[in-house]
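Trainee: I'd like a close look at one part of this model, with the rest brought in where it helps. Could you walk me through it?

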Amino acid sequence: MPTIVVDVMPKSELLDPQGKAVSGAFARLGVDAFSDVRIGKRFELTVDGEVTEDVLAEARRIADEVLSNSVIEDVVGIEVVE
């Protein structure tokens, strides 16, 4: 069955405390290859049947209205994986 993957991230202008904590842990561990860490959410929506344009439109609507908080988050990706 196909799956629609929705990725949601905090808006770039907002502080990401989880990302800040991970970034601090990297520094303590001596990992210096990464300058910043941002942590988001991934949703996997299993589709019964074919992924049509209507199904993708519904996934976009759900991503904007239910899966993300538009005040503090952006939907950054919606893709179909088999």
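Trainee: What percentage of the contacts in the protein chain with a separation of 6 or more comes from residues 24 or more positions apart? After that, please zoom in on strand S1 (3-10).

Mentor: Residues 24 or more positions apart account for 77% of those contacts, where a contact means heavy atoms within 4.5 Å. Before S1, some housekeeping. This is a predicted model, so local features need pLDDT of at least 70 and side-chain atom pairs count only at pLDDT 80 or more, while totals for chains, interfaces and linings use all residues. Residues are numbered from 1 along each chain as its sequence is written, and side-chain values use heavy atoms, with hydrogens and water left out.

Now the setting. The protein chain has two helices and three strands, and from the N terminus on the order is β-α-β-α-β. Both kinds of element are DSSP runs numbered from the N terminus: helices are H or I with at least four residues, strands are E with at least two. The C-alpha trace spans about 50 × 30 × 15 Å along its principal axes. The radius of gyration of the chain is 16 Å, against near 12 Å for a compact globule of 82 residues; that radius is taken over C-alpha atoms, and the globule rule is 2.2 Å times the number of residues to the power 0.38. Of the 82 residues, 22% count as buried. Buried here is under 20% relative accessible area, exposed is over 50%, and partly exposed is in between, with a 1.4 Å probe and protein chains only.

On to S1. Six of its eight residues are buried, so the strand is mostly covered. S2 (41-46) tells the opposite story: the count of buried residues among its six is zero. S1 pairs with both of the other strands. It runs antiparallel to S2, joined by six bridges, and it pairs with S3 (73-81) in the antiparallel sense over eight bridges. Two strands pair if DSSP finds at least two bridges between them.

Val6 shows both partnerships at once. Phe43 stands opposite Val6 in S2, and Ile78 is its bridge partner in S3. One place along, Asp7 has Arg42 as its bridge partner in S2.

Which residue of S1 is worth a stop? I'd pick Val5, which lies in this strand. Val5 counts as buried because its relative accessibility is 1%. Leaving aside neighbours within four places in sequence, Val5 is in contact with Arg42, Phe43 and Glu44, and also with Gly77, Ile78, Glu79 and Val81. Val55 is 50 residues from Val5 in sequence and 13 Å away, C-alpha to C-alpha. Keep in mind that in a regular strand the side chains alternate between the two faces of the sheet.

Gly77, in S3, gives the view back across. With residues up to four places away in sequence set aside, Gly77 touches Val5, Val6 and Asp7. Gly77 and Met9 sit 68 residues apart in sequence and 9.4 Å apart in space, C-alpha to C-alpha.

Then there is helix H2 (53-67). Leu56, Ala59, Ala63 and Leu67 are its buried residues. Looking down the helix axis, these residues fall within an arc of 60°, so they line one face of H2; the arc is that of the directions from the helix axis to the C-beta atoms. S1, S2 and S3 are among what covers them. Glu53, Asp54, Glu65 and Val66 are exposed on the other side of H2.

The loop between H2 and S3 also reaches S1. Ser68 is found in that loop, and it is buried because its relative accessible area is 10%. Its contacts, not counting residues up to four places away, are Val8, Ala63, Glu73 and Val75. A polar atom of the Ser68 side chain lies 2.8 Å from the backbone oxygen of Ala63. Val71 sits in the loop too, but it is exposed, because its relative accessible area is 63%. Val71 touches Lys11 and Leu14, again without residues up to four places away. Lys11 is 60 residues from Val71 in sequence and 8.3 Å in space, C-alpha to C-alpha.

Note on methods
Polar contact = N/O pair within 3.5 Å; in protein donor to acceptor, adjacent residues only side chain to side chain.
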